[in-house]
Amino acid sequence: MGHLATIATCSLNQWALDFEGNAERIIESIRIAKAKGATLRVGPELEITGYGCLDHFLEGDTYLHSWEMLVKILTHEDCQDILLDIGMPVSHKNVRYNCRIIALNKGILLIRPKLFLANDGNYREMRYFTPWGRQRYVEDYYLPRLMSEVMGKRKVPFGDAAISTFDTCIAAETCEELFTPGAPHSGMSLDGIEILTNSSGSHHELRKLDKRIRLMTNATGICGGIYLYANQQGCDGDRLYYDGCAMIGVNGKIVAQGSQFSLKDVEVVTATVDLEEVRSYRFQPSRGMQAINNPIYPRVEADISLSTYGAYVNLSIGPTKEIEVKYHKPEEEIALGPACWLWDYLRRCGGVSGYFLPLSGGIDSCATATIVHSMCRLVVADCAAGDELVIRDARRICGEKEDSTWIPKTPQELAGRIFHTSFMGTKNSSKETRQRAKDLADVIGAYHVDLNMDSIVKSVRDLFSFVTGKTPSFRVHGGSKAENLALQNIQARLRMVLAYMFAQLLPWVRGLPGGGLLVLGSANVDESLRGYLTKYDCSSADINPIGGISKTDLKSFIAYARDEFKLPILHDFITAVPTAELEPITHSYVQSDEADMGFTYDELSVFGKLRKNHKLGPWGAFEKLLHEWSGVMSPRQIADKTRNFFWYYAINRHKMTTITPAYHAEAYSPDDNRFDLRPFLYPAFSWPYKKIEATVARLMGDTDKGNKEA
């Protein structure tokens, strides 16, 4: 009866360095948590600054402003009488730490630094912070004057400790710590800590949520306890989309889950939990034997009870029941994640009034357009639900006056105001691709421009001929490989020039208020990996929502959107042969992407995962494929595929240094900015190639040749 506690966690759409906005969202989450009866509120990692500040974490201003915002939060009238777990960076003895601030009634109880830092993939925390290497150790932290004046004291505990309330014990485990082999929650649970908090800055990646939830449920399934997971949600100024999904688990079961993708800035998830269920769950003799030998955690006392008792017990409230965890299919993830990311980018990018997309009639630009349509669907749905923030953002982006009452009623109505597309055709373009582009633009409501650019292409070609005295020809007309490639590239690069001109001027042409348009790219992850794109062509844009998604997944997404969004036109894109349409079409030749590349898109996905996820070079990839593709290809064919992939990858790697910032969705993304750090000038892989050839020779029966080459 006296052991029911209502607790809250949240997902916040924070923005790196938006100190005031971030503080307001934190205060709002506390306000909502209290309104729902919660006595504990847990927030995301580094929520005061936003997680993605990158090298701004090296600046003293970032730490000063964090303290200023913390004072604003802790002294706010709506932030009293509730135990708070807030994330921000803290400098202690001239060392920077990623910390949790545990606070109550204008006072800091504990500053808990992160023990194990995320330092792989998209994360570089050790560039900015130092891990707290002294587990179960606490020392004094001397407060800055502005905080000391509020609290009336000079120092607070700093280190790895637990919070002891009148009725339970709480401790923090921050993001990466859950993913480590020796996660802190095990020792915490053996020391009697019943409520574990995890504040995260975890980004979306296709098919990743299952791993996160599995780790959380395993943590309390084995150890017993209550687990609160908080996460950032949204685009905070970079390639990542933090995918929320705040949740609460009890003894291995999930009892509350927030949305993974949302346009909301603040989402609070609460549950009523029974502390006695944790105690009974842990009542095993074997656990007790381990607990008595477990090193103890220092405890900081908090004058609060999370549960009610006696006459204050509300008999109408009981423990929250277990729920079925919601997982999105990969196709749904593609429909929702990049769409939310695009909306955040658009509403936070000052001075722009929408998006512009070169629409080629192929499946990649079709996927980008369909994601924009999905974004418009989400915006219209939230407007219909009365979300004032989304309504205000939509009106502002569309250039409505302050006293406007306009609300978009359909995705097409919104797209007609903010989404512009163009088919930039040449004599090499087919009627089918031109018509598909027009039909798609019509059905989703985009403002579409259909143009021919042959005159510009001819002008550039004529200029070259005038200067050099030579006229290049396509391969089908007898031209060399260099001529053929140059003539294709000039078409692609001119499209980029035209795209930016139309993006700047189309709103002016239409008499729309506001600024220009952001240009969207549509190169997929497999083509980037292979280098099957022209540097500074239409792959060069402001942002790219599909740059981290494989062709295979994009096809599945388009099939899903065809049915879910009721867009039958998308079927024509699925069945069309992917083609760049940069070479002349003849009765015996039509350009094909897969034929040009020498790989199917499925094969490129395999090589991408071997290179990045499995961390294999040419030799290791070849060895693995000998087993995986045995019976499908001969050793000679596997060797040729392997050598060709790494050759094309190496000579085209320089293109990744200028690739358009893309939504991160795939673990084998070749993004050169932060995720996939590689040289862009490669040697010839001569030694691994010799080993591959020797192995092929032996496997094909030419033992003598194999011995000589080895």
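Me: Is arginine 100 buried or exposed?
Reply: This is a predicted model, so every value here is computed from it. Buried means under 20% relative accessible area. Arginine 100 has a relative accessible area of 1%. That places arginine 100 among the residues that are buried.

Me: Which residue meets the side chain of arginine 100 in a salt bridge?
Reply: Side chains of opposite charge can pair when their charged atoms come close. For arginine 100 the N to O distance is 2.7 Å. The partner is buried too, with a relative accessible area of 3%. It is aspartate 85.

Me: In which strands do arginine 100 and aspartate 85 lie?
Reply: The two residues are 15 residues apart, and the pair links distant parts of the chain. Aspartate 85 is in strand E3, residues 83–92. Arginine 100 is in strand E4, residues 95–104. The strands are E3 and E4.

Me: Which residue forms a salt bridge with arginine 611?
Reply: Arginine 611 lies in helix H20, residues 601–611. Its partner sits 65 residues apart from it, in the loop between helix H22 and helix H23. The N to O distance is 2.9 Å. The partner is aspartate 676.

Me: What is the relative accessibility of aspartate 676?
Reply: Arginine 611 counts as buried at 2%. Aspartate 676 counts as buried as well. Its relative accessibility is 0%.

Me: Which lysine meets aspartate 676 in a salt bridge?
Reply: The N to O distance of this pair is 3.3 Å. The lysine lies in the loop between H20 and helix H21, and aspartate 676 in the loop between H22 and H23, so the pair ties together parts that are 64 residues apart in sequence. Both residues are buried. The lysine is lysine 612.

Me: How many residues does the largest nonpolar core have?
Reply: In soluble globular proteins, nonpolar side chains tend to be buried together. In this core, Met375 and Phe419 have the most contacts. Helix H10, residues 363–384, gives the most to the core, with eleven residues. The core has 62 residues.

Me: How many residues are in the second, separate core?
Reply: Phe19 and Ile27 are included in this core. So are Met69 and Ala103. The count is 39 residues.

Me: Is valine 509 buried or exposed?
Reply: Valine 509 lies in helix H15, residues 481–510. With Met501, Leu505 and Trp508, Val509 makes a nonpolar surface patch of about 460 Å². Exposed means over 50% relative accessible area, and valine 509 has 54%. Valine 509 is exposed.

Me: What separates the C-alpha atoms of valine 138 and phenylalanine 158?
Reply: Valine 138 is found in strand E6, residues 138–142. Leaving aside neighbours within four places in sequence, its contacts include Phe158 and Pro298. Valine 138 and phenylalanine 158 are 20 residues apart along the chain. Their C-alpha atoms are separated by 5.4 Å.

Me: What radius of gyration does the protein have?
Reply: The protein has 710 residues. A compact globule with that many residues would have a radius near 27 Å, and the value for the protein agrees. The protein has 29 Å.

Me: What share of the residues in the protein is buried?
Reply: The protein holds 24 helices and 20 strands. Its C-alpha trace spans about 90 × 80 × 45 Å along the principal axes. Of the 710 residues, the buried share is 58%.

Key. Residues numbered from 1 in each chain as written. Predicted model: local features only at pLDDT ≥ 70, side-chain atom pairs only at ≥ 80, totals over all residues. Heavy atoms only, no water. Patch = residues over 30% accessible without salt bridge, like charges linked within 9 Å, V, L, I, M, F, W, Y side chains within 5 Å. Areas by Shrake-Rupley, 256 points an atom, 1.4 Å probe, with all protein chains shown as cover. Salt bridge = Lys/Arg side-chain N within 4 Å of Asp/Glu carboxyl O. Helix = DSSP H or I, 4+ residues; strand = E, 2+ residues; numbered from the N terminus. Buried < 20%, exposed > 50% of the residue type's maximum accessible area, 1.4 Å probe, protein only. Core = buried A, V, L, I, M, F, W, Y, C linked by side-chain atoms within 4.5 Å. Rg over C-alpha atoms; globule rule 2.2 N^0.38 Å. Contact = heavy atoms within 4.5 Å.
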